[in-house]
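Please walk me through this model in the viewer, one selection at a time. I would like to know what to select next and what is there.

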Protein chains: 2
Amino acid sequence: MEQELIDKLVTKNDKKIIFLILDGLGGLPQTPGGQTELEAARTPNLDRLAASGTCGLLDPVGYGITPGSGPAHFALFGYDPVAYNVGRGLLSAAGLDFPITEGDLYMRANFATVDAQGLITDRRAGRLATEKNEAICRQLQENIRLSSGTQAFFRTEKEHRALVALRGGDFCEEIAETDPQKTGLAPLLPVELAPQAKKTAAIMRELTEKINNALKNEEAANTILLRGYAAYRRFPSMTERFGLQPLAIASYPMYKGIAKLLGMELASATQTVEEEIQALQNNYRDHDFFFVHIKYTDSRGEDGQFAEKVQVIEKIDALIPDICALNPDVLVVTGDHSTPAVLSGHSWHPVPVLLSAATSLPDTAASFGERACITGGLGRMPMKYLLGVALAHAGKLQKFGA
Amino acid sequence: MEQELIDKLVTKNDKKIIFLILDGLGGLPQTPGGQTELEAARTPNLDRLAASGTCGLLDPVGYGITPGSGPAHFALFGYDPVAYNVGRGLLSAAGLDFPITEGDLYMRANFATVDAQGLITDRRAGRLATEKNEAICRQLQENIRLSSGTQAFFRTEKEHRALVALRGGDFCEEIAETDPQKTGLAPLLPVELAPQAKKTAAIMRELTEKINNALKNEEAANTILLRGYAAYRRFPSMTERFGLQPLAIASYPMYKGIAKLLGMELASATQTVEEEIQALQNNYRDHDFFFVHIKYTDSRGEDGQFAEKVQVIEKIDALIPDICALNPDVLVVTGDHSTPAVLSGHSWHPVPVLLSAATSLPDTAASFGERACITGGLGRMPMKYLLGVALAHAGKLQKFGA
């Protein structure tokens with residue numbers, strides 16, 4: 001509810017806010033008594049910002065909850081990650097630049113293989129070649145015709161992964177996923193999980209039957225597994241909610257997709273971190289909120305590469321002066337969640353954050369790290385409130401009440 | 001909801017709680033690396049209380065939200081500041097000692113001037129002399145007669161500000177404010193903002209037309225601008241909710257008004273801080289909750305006077321021994337919100353608090369200041385929960401559950 005309150009207090013000005021998001025930033029020591037990735041990294045520039053700014057620890061979704069990238073980013077942008085929890089299908093559609101349309105039903109699909117008895121032999125069809133995936137999607141797009149005017153769309157993601165979209169129907173996403181998550185079992189039926197999903201379930205049964213029929217002689221992948229259903233209803237954009245003109249600078253499709261769902265403009269293609277900073281500089285005049293997404297901290301964490309994650313952090317630190325040279329009114333550096341290399345995956349640990357602004361009260365956190373941030377002035381803060389604090393420091397919120 | 005829980009756990013005893021509220025206490029350094037007003041002030045008595053008590057940082061309404069005095073005080077007294085957000089008109093009525101009656105509609109009014117075309121030339125009528133305001137209010141009170149049995153009341157506040165009250169009607173406050181907030185524009189019409197406000201809007205149109213007609217030859221102020229609508233529904237008092245017999249000691253009308261809305265008794269007229277402490281001593285036997293309001297910290301902050309705000313804090317510190325001599329069971333010292341002198345206004349920064357009681361666990365905060373309070377045992381706490389903690393330390397809350 002505080003979020004709706006903030007929406008009502010928004011006032012526009014020219015002040016600029018940068019959110020530098022190091023994906024999976026939070027970490028853990030590699031050995032007992034050791035330092036985390038962020039603590040181990042030599043980060044003179046981030047340390048300086050931490051010393052002059054206000055620090056804290058963010059909980060992306062809630063105490064003890066390990067977030068996926070979707071909820072973690074929604075929270076970063078001031079959207080309640082539980083209320084706005086969206087199926088993976090929608091994030092895939094957005095990431096693929098599919099023309100997202102209100103009322104569509106989006107699904108994440110895996111091409112897979114079944115034996116003569118119809119039991120799954122490989123849930124990923126041997127990590128199918130992407131070109132083969134594209135050929136299959138073209139074939140399905142040409143041949144699958146559903147009754148009652150529902151249109152089906154098939155789009156390749158990568159390897160065995162694809163997007164399936166349905167359009168033209170009053171869809172309900174309360175449908176059972178068809179991936180049994182194990183080999184040796186048959187794909188599950190897309191039955192309704194709520195009475196109001198009965199019509200959607202019938203369409204889904206027709207869809208899976210027709211797909212299986214079309215693929216029955218396809219050796220590489222003779223079935224499909226569906227999950228991550230998302231019946232899309234339009235979200236209020238960051239412009240509508242906060243009066244911002246936001247720009248997203250990201251290299252990975254999913255983060256671009258999330259940004260687009262929230263009404264951000266996308267900077268043109270960037271791959272390296274240096275290109276991202278270049279894009280920030282080039283577009284700085286035309287926007288007032290900048291989401292700069294660094295993927296590689298998370299990637300190295302996911303791969304369990306402690307030293308390499310440290311290196312990515314140090315590389316970003318070296319680019320901080322270029323960002324500061326723009327003189328943003330508010331600079332926030334944080335992650336969307338923790339990805340400790342020792343866990344090789346997302347975790348529930350709170351995420352260090354620093355906020356630097358002329359109006360921030362420096363606290364005792366004199367360096368940027370998990371343990372320093374515990375003593376920070378932002379305290380232990382739910383991530384969804386961070387944007388409001390940034391808006392306040394940018395003078396973009398009016399007083400509440402008389 | 002936690003608050004309703006506290007209401008159910010209340011038990012009465014004779015223990016006494018003092019809330020010493022230094023309005024706008026929280027601050028910011030005047031120069032980078034400097035101290036805040038509270039940190040810069042020499043406060044040996046407050047430091048001693050901070051060292052032996054428990055400290056923390058309070059968020060009056062929410063992260064990033066700058067509160068007005070109304071919501072900030074409601075939160076201090078354990079009332080959710082969003083649920084109990086009241087229009088400025090009601091605070092004005094309470095502050096003026098107007099006989100507040102359930103069902104009334106209260107409005108804040110500015111007398112203003114319009115030119116021959118009806119466009120506003122001065123939204124404050126040249127900060128009208130208060131005597132002139134009184135003469136106009138008398139004239140309106142004698143001449144304005146509304147149809148359908150609605151009574152209108154006009155009361156002078158100060159300079160160009162007045163209270164307008166309507167009585168006898170089923171009022172709805174969802175009406176457009178008539179102040180366009182700019183000169184060169186005509187006053188806005190008090191149109192309904194919700195269907196159920198249609199009847200109220202019709203009465204408001206009649207009211208503004210008749211006022212404008214009555215003032216049309218009044219050179220000093222020939223129109224009125226209305227805002228801060230509040231249709232009054234009675235609040236549960238602090239006696240009903242918490243079993244307290246509260247006394248308010250305040251010198252400014254608005255704070256007296258807020259106290260009265262929550263069922264506090266008012267100490268007789270006090271102007272200086274010394275008179276307020278005297279009133280505390282004189283009434284100490286007859287109450288068990290004391291709201292002592294110090295306005296001048298906020299006033300100096302609003303005026304941007306850092307050194308003068310420091311002086312007010314030091315002056316209060318010198319009076320702390322007199323308060324401690326009363327041996328209160330719980331002494332809380334905090335502000336309602338922050339008013340950093342460098343910002344010359346209310347801000348969203350959390351407010352330092354100290355709570356001193358025999359049962360408080362001393363933390364590492366060894367002096368009373370924003371940065372010391374970050375490390376305090378109360379942590380970063382929503383202000384609306386403070387009263388519950390004070391009740392607990394006073395033994396006024398029973399155990400929850402078996």
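The tour below covers a sheet, the helices on it, two domains, a chain interface and a helix pair. Keep in mind throughout that this is a predicted model.

**Stop 1: the sheet of chain A**

Select the strands of chain A that form the eight-stranded open sheet, in the order E9-E8-E10-E1-E11-E12-E2-E13. The pairing in this sheet is mixed. At its edges are strand E9 (265–266) and strand E13 (379–382) of chain A, each of which pairs on one side only.

Now narrow the selection to residues 330–334 and 351–357 of chain A, which are strands E11 and E12. These two strands pair in the antiparallel sense, over five bridges. For one of the partners, pick Val330(A): its bridge partner in E12(A) is Ala357(A).

**Stop 2: helices on the sheet**

Keep the sheet shown and add residues 306–324 of chain A, helix H12. Helix H12 packs on the sheet and touches strand E1 (17–22), strand E10 (289–294) and E11 of chain A. The direction of H12 makes about 170° with that of E1(A).

Next add residues 44–52 of chain A, helix H3. Helix H3 lies across strand E2 (54–59), E11 and E12 of chain A, and runs at about 70° to E12(A).

With both helices displayed, look at how they meet. The axes of H3(A) and H12(A) come within 7 Å and cross at roughly 60°. H3(A) and H12(A) are therefore oblique to each other. To see the contact, select Pro44(A), Asn45(A), Leu46(A) and Leu49(A) on H3(A), together with Asp317(A), Ile320(A) and Pro321(A) on H12(A). By class, the residues of this contact are five nonpolar, one polar and one charged.

**Stop 3: the two domains of chain A**

Colour chain A by its domain assignment: domain 1 is 2–84 + 236–393, and domain 2 is 91–231. Domain 1 is thus assigned in two segments. The C-alpha centres of the two domains of chain A lie 34 Å apart.

How many residues of domain 1 are in contact with domain 2 in chain A? Eight residues of domain 1 are in contact with four residues of domain 2. Select helix H9 (residues 253–261) of chain A, which supplies the largest share of the domain 1 side, seven residues. The domain 1 side that touches domain 2 has four nonpolar, two polar and two charged residues.

**Stop 4: where chain B touches chain A**

Show both chains. In the interface, 25 residues of chain B are in contact with 23 residues of chain A. On chain B, select helix H4 (69–76), helix H5 (88–95), helix H13 (370–374) and strand E13 (379–382), the elements that give two or more residues to the side touching chain A. H13(B) gives the most to that side, with three residues. By class, the chain B side has ten nonpolar, eleven polar and four charged residues.

**Stop 5: a helix pair in chain B**

Finally, select residues 273–282 and 306–324 of chain B, helices H10 and H12. These helices pack at an angle of about 15°, with their axes 11 Å apart. H10(B) and H12(B) are therefore roughly parallel to each other, and H10(B) passes H12(B) in a right-handed crossing.

Show the side chains of Val273(B), Ile277(B) and Leu280(B) on H10(B), then those of Lys315(B), Ile316(B), Leu319(B), Asp322(B) and Ile323(B) on H12(B); these residues make the contact. Six of the contact residues are nonpolar, none is polar and two are charged.

Key: Residues numbered from 1 in each chain as written. Chains lettered and ligands numbered in written order. Predicted model: local features only at pLDDT ≥ 70, side-chain atom pairs only at ≥ 80, totals over all residues. Pairing = 2+ DSSP bridges. Helix = DSSP H or I, 4+ residues; strand = E, 2+ residues; numbered from the N terminus. Contact = placed C-beta atoms within 7 Å. Axes fitted to C-alpha atoms, helices over the stretch in contact; angles between N-to-C directions. Domains from an automatic or database assignment. Nonpolar A, V, L, I, M, F, W, Y, C, P; charged D, E, K, R; others polar. Parallel < 35°, antiparallel > 145°, perpendicular 65-115°, else oblique. Left-handed = near helix turned anticlockwise from the far one by under 90°.
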